[in-house]
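The following exercises concern helix packing and pocket analysis. Please examine the sequence and the structure before reading each solution.

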Amino acid sequence: MNDAHSQVPPVRQTADVIDFDQPSFRDPEHQQRYARDGYLVPEGVRLPEDALAALEKFYLDNRHHYADLRYTSTLALGSAREHRVSADQVFRKATDACARELLDGYVQYYGGLGVKAPTGETAVLELHQDLTMVPYGEGRCGVTLWIPLCDVGEDNGCLQVVPGSHLTNRRPRGAGMPFAYRGEADLVARHLVSLPVKRGQVVFMDQALIHRSGPNHTPGVRVAAMGMLRPSEASLVYYHLDRGEDGPLLHRYTVPDDFYLHHRLGSRPETGEYVGQSRPVVVRHSWD
């Protein structure tokens with residue numbers, strides 16, 4: 001796997017690349033690196049030990065929710081609504097000071113865990129872009145935080161990202177949609193770089209960044225805390241995928257801040273305001 005610190009991003013500002021309104025990092029160097037790569041691992045930034053201990057205790061007290069043999073995330077626990085709310089509260093308390101210190105004008109709306117079991121090759125989280133929760137082209141973009149509760153590397157499923165890929169396909173994505181470049185996955189994978197980080201280090205990612213995580217070959221469970229933030233001026237959206245006889249449609253809803261703490265992904269929203277519908281679109285890109 002390539003070295004994340006020396007890899008040249010495969011994406012350039014060309015006709016097949018979409019501009020984006022980047023978040024507001026307080027440090028200009030952070031801003032520049034994030035705009036170029038779509039992710040940031042700021043040097044020297046680590047959650048305090050008491051915050052990490054609180055997250056670890058929460059996982060240990062609730063590990064029965066994460067007993068899957070592969071990979072489980074809090075966001076996917078559709079029926080465990082009380083647990084999802086509790087996870088968000090713990091995550092928010094642990095990460096709020098760090099997020100406010102580095103980002104200007106951002107609000108958390110979801111926090112939880114991602115747990116990868118020690119099951120070897122079956123515990124691969126394949127190439128993907130995250131769901132569109134903050135709309136594109138209407139202001140600053142959404143940001144994901146990812147914080148491992150143990151040292152992570154290629155042996156236990158660290159993040160692997162395609163630098164610059166956040167610029168390639170800034171189009172609405174709903175639950176159940178396949179990876180936009182699935183037919184070119186082998187070509188995309190050539191550009192992956194691994195992000196080995198220490199326990200408590202903070203990774204910031206654009207929600208359109210193409211990423212994956214490899215298998216966990218170690219005997220221990222790999223636990224990471226993860227959360228999403230929106231700019232204070234933006235409303236959240238949810239895109240419901242409808243596979244109709246005439247082809248797929250995406251139905252857009254404006255949803256409240258607690259929506260992703262309660263909603264079962266893939267189902268039609270029971271709350272929120274219906275905005276309209278559109279056909280899924282993929283912006284083509286050359287990965288050679």
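**Exercise 1.** Is the crossing of helix 2 and helix 3 left-handed or right-handed? Determine also the axis geometry and the contact residues of this pair.

*Solution.* The model is predicted, so local features need pLDDT of at least 70 and side-chain atom pairs pLDDT 80 or more, while totals for chains, interfaces and linings use all residues. Residues are numbered from 1 along each chain as its sequence is written, and side-chain values use heavy atoms, without hydrogens and water.

Step 1. The crossing of helix 2 and helix 3 is left-handed (the near helix is turned anticlockwise from the far one by less than a right angle).

Step 2. The axes of helix 2 (residues 49-61) and helix 3 (residues 81-102) come within 9 Å and cross at roughly 165°. Helix 2 is therefore roughly antiparallel to helix 3 (angles over 145 degrees).

Step 3. Helix 2 contributes Ala51, Ala54, Leu55 and Phe58 to the contact, and helix 3 contributes His83, Ser86, Ala87, Val90, Phe91 and Ala94 (contact: heavy atoms within 4.5 Å). By class, these residues comprise 8 nonpolar, 2 polar and no charged.

**Exercise 2.** Characterise the lining of the largest pocket.

*Solution.* Step 1. A pocket is an open set of points on a 1 Å grid where a 1.4 Å probe fits, with protein on both sides within 12 Å along at least five of seven lines; lining residues have an atom within 4 Å of a point.

Step 2. The lining of the largest pocket has 40 residues, with Leu125, His128, Gln129, Asp130 and Leu131 nearest the centre.

Step 3. Strand 5 supplies the largest share of this lining, 4 residues.

Step 4. The lining divides into 24 nonpolar, 10 polar and 6 charged residues.

Notes. Helix = DSSP H or I, 4+ residues; strand = E, 2+ residues; numbered from the N terminus. Nonpolar A, V, L, I, M, F, W, Y, C, P; charged D, E, K, R; others polar. Axes fitted to C-alpha atoms, helices over the stretch in contact; angles between N-to-C directions. Parallel < 35°, antiparallel > 145°, perpendicular 65-115°, else oblique.
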